[in-house]
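Here is a walk through one structure, taken helix by helix. Please keep the model in view while reading.

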Amino acid sequence: MATHKSAEKRDRQSKVQRLRNRMNKSAMKNAIRRIEEALVAGSEEDAKSALLHAIPVISKTAAKGTIHKKQRLAKFPVSPNGSTKCSP
C-alpha cells in the first residue's frame, strides 16, 4: 500500500493505464480474430474488409505503447506476400 502522496497518485494512474491498455489490446485481438474467422470461412471480401478495419486498430495499439511498434507487423495474420498464417 502506498503511503506517500506521490505514490498514491502513481498507483491511481497505473490502474487507469492498465485498464486502458487492456481495452486496446482486447480490441486489437478481436480485430485479428475477425480476420482469421473470415479466412477460415473462405470469405475473401469479409477478410479484406476486416483487414482494412484491423490495420488502424493494430497501429493505434502500437502507437499508444500497449505493444511494441515492431511487434505490430507480427500481429497481422496475412504476410506481405499474400500467404496466410492461419491457413489450414
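Helices here are DSSP runs of H or I with at least four residues, numbered from the N terminus. The model is a predicted one.

Begin with helix H1, which covers residues 5–41. At 1.5 Å a residue, its 37 residues should span 54 Å, and the C-alpha atoms at its ends are indeed 54 Å apart, so the expected and computed spans agree. Several residues of H1 are buried: Asn24, Met28, Ala31, Ile32, Ile35 and Ala38. Among what covers them is helix H2, residues 44–63.

Isoleucine 32 can serve as an example from helix H1. Its relative accessible area is 11%, and because buried means under 20%, isoleucine 32 counts as buried. Its C-alpha atom is separated by 9.4 Å from that of valine 57, although the two residues are 25 apart along the chain.

After H1 comes glycine 42, which has a positive phi, near 85 degrees.

Helix H2 has 20 residues. From its first C-alpha to its last it reaches 28 Å, close to the 28 Å expected at 1.5 Å a residue. H2 also has a kink of about 25 degrees at alanine 54, shortly before proline 56.

Which residues of H2 are buried? They are Ala47, Ala50, Ala54, Val57, Ile58, Thr61 and Ala62. These buried residues pack against H1. Alanine 54, where the kink lies, is thus also one of the buried residues. H2 is followed by glycine 65, whose phi is positive, near 90 degrees.

Methods: Residues are numbered from 1 along each chain as its sequence is written. This is a predicted model: local features need pLDDT of at least 70, side-chain atom pairs count only at pLDDT 80 or more; totals for chains, interfaces and linings use all residues. Side-chain values use heavy atoms; hydrogens and water are left out. Helices (H or I, at least four residues) and strands (E, at least two) are DSSP runs, numbered from the N terminus. The expected span of a helix is 1.5 Å times one less than its number of residues. Buried means under 20% relative accessible area, exposed over 50%, partly exposed in between (1.4 Å probe, protein chains only). Contact means heavy atoms within 4.5 Å. The bend at a residue is the angle between axes fitted to the seven residues ending there and the seven starting there.
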